Amino acid sequence: MSSAKPRIAVLSHSEGFYTTKRLMEEARAQGLEATRIDPTRVFISVDADAPVLEDDLPVPIPDILIPRVGATLTEWGLTVLRAMRDAGAWSPATPAAMALAQDKAGASIALRAAGLPVLPTVAVREPAHIDHALEVLDSPGFVIKRPRGTQGRGVMSAPDRTGARALLEGLLVEPGVALVQPLIELERTRDLRVLVIGGRAYAACWRNAAPGEFRSNVHLGGTMEPAELDASTAELAERSASAIGLTTCGVDLIETTEGLRVLEVNGSPGIEGLETATGRNVAGAMISSMVVDWGSC
């Protein structure tokens, strides 16, 4: 690997997004060239010399490509990521790992196969299986999810089987899959977000749900407060990231009577809440870690 400083690009729809902006700021603060590639402005040519183009001009292949792939552009964003990796860009995440993190059912299967504690989860496609799925979970309340989604979108709760059945029947009118999990009743409605950077747990925050809300996402009015990151929680987060194939990601954990359980792994975690709550330079740590990993390739 060359000793020259790497050129960095962030694959993101907007530089106005907090995390995208911070990553570019910190890359430049470390003396690196940093640009943004908007996946909605490019097209792909199956040509090794110029695979990604914008306005008929080749998009330069960066040394490090940081994918910020949200739910609305997942498939296309991962296609652009794949094309640029094949053309020589290094990325902290493979398209396969990013896709697995977006697939809540597939991710739960991978986490369970790695021996990690996950919430009981049932994936349902056929309306005829709804009653059987609810019987398998045997819970007084339920959480219903779309298999893909971020920021709490597509996540609903039902206080009983009747409500859960109605939600599932509505979702499965159109072809698709719905996930069902038990509704965990907590003294405080919250979950624990652990940020893993370079394969190591870096920081953690409690995400507290807004009054009357069962989802703890900041975008839904939730708040964040710093949390102590003990050795066992750090190990759980690191093993979860490894099971999905990611080195930098957010791991969401929830308290149960049996201890912490893995909710999901986020391949494009937002860092605004973590930076605000902890006062730490999360973006700078992410850039530094990626440069070290790139240099060791």
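Helix 4, which spans residues 104-113, is mostly covered in this predicted model, with 7 of its 10 residues buried. Besides this helix, the briefing covers the second largest pocket, with a volume of about 210 Å³, and the largest cavity, which holds about 90 Å³ of space.

**Helix 4 and its surroundings**
- The buried residues of helix 4 are K104, A105, G106, A107, S108, A110 and L111.
- These buried residues pack against helix 3 (95-102), helix 7 (231-244) and four strands, namely strand 7 (122-124), strand 8 (142-145), strand 10 (178-182) and strand 15 (259-266).
- Just after helix 4, G115 adopts a positive phi of about 80°.

**The second largest pocket**
- The second largest pocket, at about 210 Å³, is lined by 14 residues, of which T35, R36, I37, V59 and P60 are the closest to its centre.
- Strand 1 (8-11) and strand 2 (34-37) each supply at least two residues of this lining, and strand 2 gives the most, with 3 residues.
- Sorted by class, the lining of this pocket has 8 nonpolar, 1 polar and 5 charged residues.

**The largest cavity**
- The count of cavities of 30 Å³ or more comes to 1, and the largest cavity contains about 90 Å³ of space.
- Its lining is made up of L23, I66, P67, R68, P92, A93, T248, G267, S268, P269, M286 and M290, and the elements that give two or more residues to it are strand 6 (64-67) and helix 9 (282-295).
- By class, the lining of the largest cavity has 8 nonpolar, 3 polar and 1 charged residues.

Note on methods
Residues are numbered from 1 along each chain as its sequence is written. This is a predicted model: local features need pLDDT of at least 70, side-chain atom pairs count only at pLDDT 80 or more; totals for chains, interfaces and linings use all residues. Side-chain values use heavy atoms; hydrogens and water are left out. Buried means under 20% relative accessible area, exposed over 50%, partly exposed in between (1.4 Å probe, protein chains only). Contact means heavy atoms within 4.5 Å. On a 1 Å grid over the protein atoms alone, a cavity is a set of points where a 1.4 Å probe fits but cannot get out, and a pocket is an open set with protein on both sides within 12 Å along at least five of seven lines; lining residues have an atom within 4 Å of a point. Grid points are joined across faces, edges and corners, and a volume is the space filled by probe spheres set on the points. Ala, Val, Leu, Ile, Met, Phe, Trp, Tyr, Cys and Pro count as nonpolar, Asp, Glu, Lys and Arg as charged, and the others, Gly among them, as polar.
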